[in-house]
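Thank you all for coming. Please bring up the sequence and the structure on your screens, and I will walk you through a few parts of it in turn.

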Amino acid sequence: MTKSRKHEDKSTLILTHGDSDGVCAGAIAKSAYPEADVYFTSPVGVIDDLNIADGYRNVIISDIAIDEKHCMDLFKRLDEIASVADLTYIDHHPLPDRCVTANWLHHDRGICASELTYKVLEDRLSRDMRRVAIYGAIGDYYDSSPSVKEWLRDWDKRSLFFQAGTLIQALIYSGRNYDFKRKLIVPLSHDKIPTEIPNVLKYAKEGASLEEKLRIHVKHEVKALNNLAYVVDPNGYMSKSAIYAASYGQRDVGISAEFRHKRNAYDMSLRSRNSESVDLNLLLRRIAPLFGGSGGGHAAAAGARIPKDSFNAFLRELDKAIGVQKHRVAKFNEI
Ligand SMILES: [Mn+2]
């Protein structure tokens, strides 16, 4: 009995993203299926990584955006898997227009992957795992959803924010250290508080001190156009640099750009502090291709890659388009 049960549990595979929302979503899924194998993947890597799904009877994928370029191939592969196994694909990133819906797809743009994973697997979960979902929500800036606000009332939010901030800072510091992330999933799936998990406090402290150096660097190096502020080669966390570029440049949109020699292009992280008026995903999907690049993501947080020679022209065009978008929303609100 025990043996066959174990065999049944062994047949679950979880593929998730390596950021804090992805790790929390993975831990929640692991809590629902304790014997599951957990691997980290990415929007670009997921098709190849799905090769390991062969032989599993239950496959859960969380927080992996469906990439525009590969969405048809990915859907085909996922349909194949769904025909021989139970497939649950949980995501909250914008879907490419060409994507049709499927019965294995659980999609909601309004909440983070951790909250959605908790909701999809709720029958198998302890109610306390809501706390892990809240960590993920804070990590992805999705903590003002109705459920997260309600769930927060069950906790002392000062203690919870301390745990969430510590976990998120440690995960950002750990970068591509997937060994650390894999080891973290197990205690997190048991709802162990992050400060009790090995190395979490140490990494969080290192991360905080690096971030402080970066903040001061961005403060001195930031440049501003009319609607956006940017910093080039901040040599540190890209997303945090973008946040500090917006705050010290005093603009709605902050950008950090890093030159990639291999690609002769700039990789960018963008943040909008006014995502109701300025939707970065919409802007980038339209403008980046005009400059031979690509881009997209969320309304408030996005990424882009632009060839070196078009970088300055791209920034000016984006700056102009942000102004137009803001103006339109302001006009609409007047009516
Ligand atoms: Mn996410």
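Let me begin with strand β3, which spans residues 58-62 and is mostly covered, since five of its five residues are buried. I should say at once that what you are looking at is a predicted model. If you look at the two faces of β3, you will find both of them covered, with Asn58, Ile60 and Ser62 buried on one side and Val59 and Ile61 buried on the other.

What does β3 pair with? One partner is strand β1, residues 12-16, which pairs with β3 in the parallel sense over five bridges, and within that pairing Thr16 stands opposite Ser62. Another partner is strand β4, residues 86-91, which runs parallel to β3 and is joined to it by five bridges; here Ser62 stands opposite Ile90. Between β3 and β4 comes helix α4, residues 71-84, and these three elements make a right-handed β-α-β unit.

Just ahead of β1 I would like you to find Ser11, which lies in the loop between α1 (2-10) and β1. Is Ser11 buried or exposed? Its relative accessibility is 10%, and because buried means under 20%, Ser11 counts as buried. Leaving out residues up to four places away in sequence, Ser11 touches Tyr56, Arg57 and Asn58, and the last of these, Asn58, is one of the buried residues of β3. Ser11 and Tyr33, for their part, are 22 residues apart in sequence, while their C-alpha atoms are 9.5 Å apart in space.

Now to the metal. Which residues are the protein donors of the manganese ion? They are Asp21, Asp63 and Asp140, each through OD, together with His92 through NE2, and they lie 2.0 to 2.3 Å from the ion. Along the chain these donors follow the spacing D-x41-D-x28-H-x47-D. Two of them bring together distant parts of the chain, with Asp63 in the loop between β3 and α4 and His92 in the loop between β4 and β5 (105-107), 29 residues apart. Asp63 and His92 are both buried.

Let me step back to the whole chain, whose domain assignment gives domain 1 (2-203) and domain 2 (222-334). Taken over C-alpha atoms, the centres of the two domains are separated by 28 Å, and the contact between them takes ten residues from domain 1 and eight residues from domain 2. Together the domains bury about 730 Å² between them, with 48% of that on carbon and sulfur atoms. On the domain 1 side, Pro94, Tyr141 and Ile172 supply 47% of the area buried against domain 2, which is more than any other three residues supply.

I will finish with strand β7, residues 228-232, where four of the five residues are buried, so that the strand is largely enclosed by the rest of the structure. Strand β6, residues 223-224, runs antiparallel to β7 and is joined to it by two bridges, with Ala229 as the bridge partner of Ala224, and a hairpin of three residues leads from β6 to β7. Strand β8, residues 253-260, instead runs parallel to β7, over five bridges, and in this pairing Tyr230 stands opposite Ile255. With helix α11, residues 238-249, strands β7 and β8 make a right-handed β-α-β unit.

Technical notes: Residues are numbered from 1 along each chain as its sequence is written. This is a predicted model: local features need pLDDT of at least 70, side-chain atom pairs count only at pLDDT 80 or more; totals for chains, interfaces and linings use all residues. Side-chain values use heavy atoms; hydrogens and water are left out. Buried means under 20% relative accessible area, exposed over 50%, partly exposed in between (1.4 Å probe, protein chains only). Two strands pair if DSSP finds at least two bridges between them. A crossover is right-handed if, with the strands pointing away from the viewer, the path from the first strand over the helix to the second runs clockwise. Donors are N, O and S atoms within 2.8 Å of the metal (3.2 Å for Na, K and Ca); water is not among the atoms, so sites may look incomplete. Domain bounds come from an automatic or database domain assignment. Contact means heavy atoms within 4.5 Å. Buried area is the accessible area (1.4 Å probe) that two parts lose on being put together, summed over both.
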